[in-house]
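Visitor: Could you walk me through this structure?

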There are 2 protein chains.
Amino acid sequence: MPKRKLNSSNENRGVTITDVAKASGVSITTVSRILNNKEYVADETRDRVNLTIQQLGFVAHTQARRLRGGASGTLALHYPAESPHQIRGLVETPYITGAASAAGEKEYFLNFLISQLTPDTLLNMYRSNQIDGMILLQVCMDDWRVNLLRESNYPFVMIGRCANLEDLTFIDLDFEDALLKAFEYMVSLGHQEIGFLTYPQSWRDAQLGPAIRAMKGYEYVLHKYDLQPYFRELEFNSVEAGFSGTNDLLRENPKLTAIITANHSVAAGSIKALTLQGYSVPENFSVMAVGFGEIANVVTPSLTALEWSSYEVSYQATILMTDMLANEELPAQQILVKPTLMLRQSTQALT
Amino acid sequence: MPKRKLNSSNENRGVTITDVAKASGVSITTVSRILNNKEYVADETRDRVNLTIQQLGFVAHTQARRLRGGASGTLALHYPAESPHQIRGLVETPYITGAASAAGEKEYFLNFLISQLTPDTLLNMYRSNQIDGMILLQVCMDDWRVNLLRESNYPFVMIGRCANLEDLTFIDLDFEDALLKAFEYMVSLGHQEIGFLTYPQSWRDAQLGPAIRAMKGYEYVLHKYDLQPYFRELEFNSVEAGFSGTNDLLRENPKLTAIITANHSVAAGSIKALTLQGYSVPENFSVMAVGFGEIANVVTPSLTALEWSSYEVSYQATILMTDMLANEELPAQQILVKPTLMLRQSTQALT
DNA sequence: CTGAAAGCGCTTACAG
DNA sequence: CTGAAAGCGCTTACAG
């Protein structure tokens, strides 16, 4: 529980609008007008008061302004996590910095929330004026947060998307398109025996968008290119899971010549496993990832991948949020971001 | 600039303490007492009012409470960046989530700030009651933020440390110890021709703690183990910089058998360069990193390293901050975190 | 045990 | 162009 401020001995403490008014011999009304750049203030007065403000080192008390104004000037970025540790590998730093920059530019504060919110806590954040809007991460098809906020008519934006999108604003990655293009590229290189390492089954059980759409896209691709299904739903999006998943696939079908993964770390694990089994990537085995590009170059060989910029996505989501707040009339914005094919070293034509 | 809240049509809008008082037939004073768990309220009254609160879905307005209470209940985590893009690779996600979790547990909000603050903007955050305290990242030896806040007597905590530490609270990584142990381990494996890839010269010019101490520790180590100096200050802590830095070192001394880096991504670049030059890590070349462990397992072979947990460090820093805020009398806490030697696959005894 | 009143620091009609 | 007054939603002496 927050206690009082510590700087009781600080000289700047307590310089209020009243002090400024007194010191410059005007009413607080006039000072307020000057603070808020309203018209109808004599230039001479304005200059004099501004000087006093400078001299006293006065800054308007944010809480008081907000109390009067109604808005909190704060946004929240919410990732629903059982434990904050689990976020590692799921949320990239640029995801957070992107939102933070956009918020900063729009003069909003950005609170990063990682917790299991309850419906009550969530509503309370709006009701108690802690936040004006929220950016939702890890949205599942039937997300209770979405249902609740929609019903209560509180402003929010999704990174991802749920099933019923009517009147909802979101930005999401076009994962199906990415999957399609990844397989298309592999097939164009001559690969036919292709393994697929996808999101955890627990994600699919939880009805998380990417997991659902990955499987749908995969089925479509199998049919389109007449491929046999060799795939695993991994337990985590981790190097270790990619490692053992790859070994599993290899055991199932030793004739595999390529693997596509739904995550860069998983691809790193694949390369590790393949190297250990005596394969050489990309000479006699190709690996390709779909996802955010942060570690693409850390891996040797660097990963060919269908990629999005996590920075851009969260930056944009935050702008969507502030736009919505600035203009209630704005219709819902729905953006699907196409991935970019990044040709690097981990793929090669089948010889 | 924040506008009004959007949910004008929301049913929960505007349920105030006055509504609760009216609906339950008591004064707002009594309601306030109940909200704040004060004594001297009849059980019967308490129950009745609590029921009304539930029925009306009332939650106290945060801004109003804070206006009255004086504290903002908000902390800021500040990374001074020219451009938010540059943070990539410098700040790991757990760095942010660690602080966010700790703040959450202590019922504080956590604002993540990435910008070039000016002295004025910085002071204003405190003066205007936007924040109660700040956690400073990327602290340099003579940091203007530190000087200013110290002078103004505003509460803050450093992750890192400056030159004059009197009465200042910080948590920092014992980089010198890490460097010492890294070289000690390499030498114990029989390596004598060891390259060192360290922080950018620009960091040293900016008097950033780690860069300064890295060079000091390095000089000490050279002397202690009677080694020849082969080192480079890289332009960035990146894979690419590690790659070209390694090639440079190899050109300078082809007899090198080991490289130590001050960053994991740099080590990934080293391995890339070595592999391409026909070396095999760890069979005939050892690589070791000092830093945060996020990508240690992504690399093949996985990196032997002296490591810290970025999550733990920022979690602790945040707790230090809230402790300080909760108790003005608390003496300055100064914590130096020792690294852990993580034995993985990228090192081997010289044969 | 309870309430009327003052006040936190600001903004905004309203009246000059 | 300027100011007195009311009010944002709450808490806290103070008085019963």
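A few questions and answers follow.

Guide: This is a predicted model, where local features need pLDDT of at least 70, side-chain atom pairs count only at pLDDT 80 or more, and totals for chains, interfaces and linings use all residues. Residues are numbered from 1 along each chain as its sequence is written, while chains are lettered from A and ligands numbered from 1 in the order in which they are written.

Visitor: Which element gives the largest share of the surface near DNA strand C?

Guide: Happy to help! A residue is near a strand if its C-beta atom, placed from the backbone, lies within 6 Å of it. There are 25 residues around DNA strand C, and Ile17(A), Ser32(A), His61(A), Ser27(B) and Ala42(B) come nearest. Helices (H or I, at least four residues) and strands (E, at least two) are DSSP runs, numbered from the N terminus. With five residues, the largest share comes from α2(A).

Visitor: Which strands stand at the edges of the open sheet in chain A?

Guide: Two strands pair if DSSP finds at least two bridges between them. Six strands of chain A form this open sheet with mixed pairing, in the order β7-β6-β8-β9-β10-β12. One side of each edge strand is left without a neighbour in the sheet, because each has a single partner strand: these are β7 (230-233) and β12 (340-342) of chain A.

Visitor: Which residue in β10(A) does Ala289(A) stand opposite?

Guide: Strand β9 (residues 286-292) of chain A pairs with strand β10 (residues 304-308) of chain A in the parallel sense, over five bridges. Opposite Ala289(A), in β10(A), stands Ala305(A).
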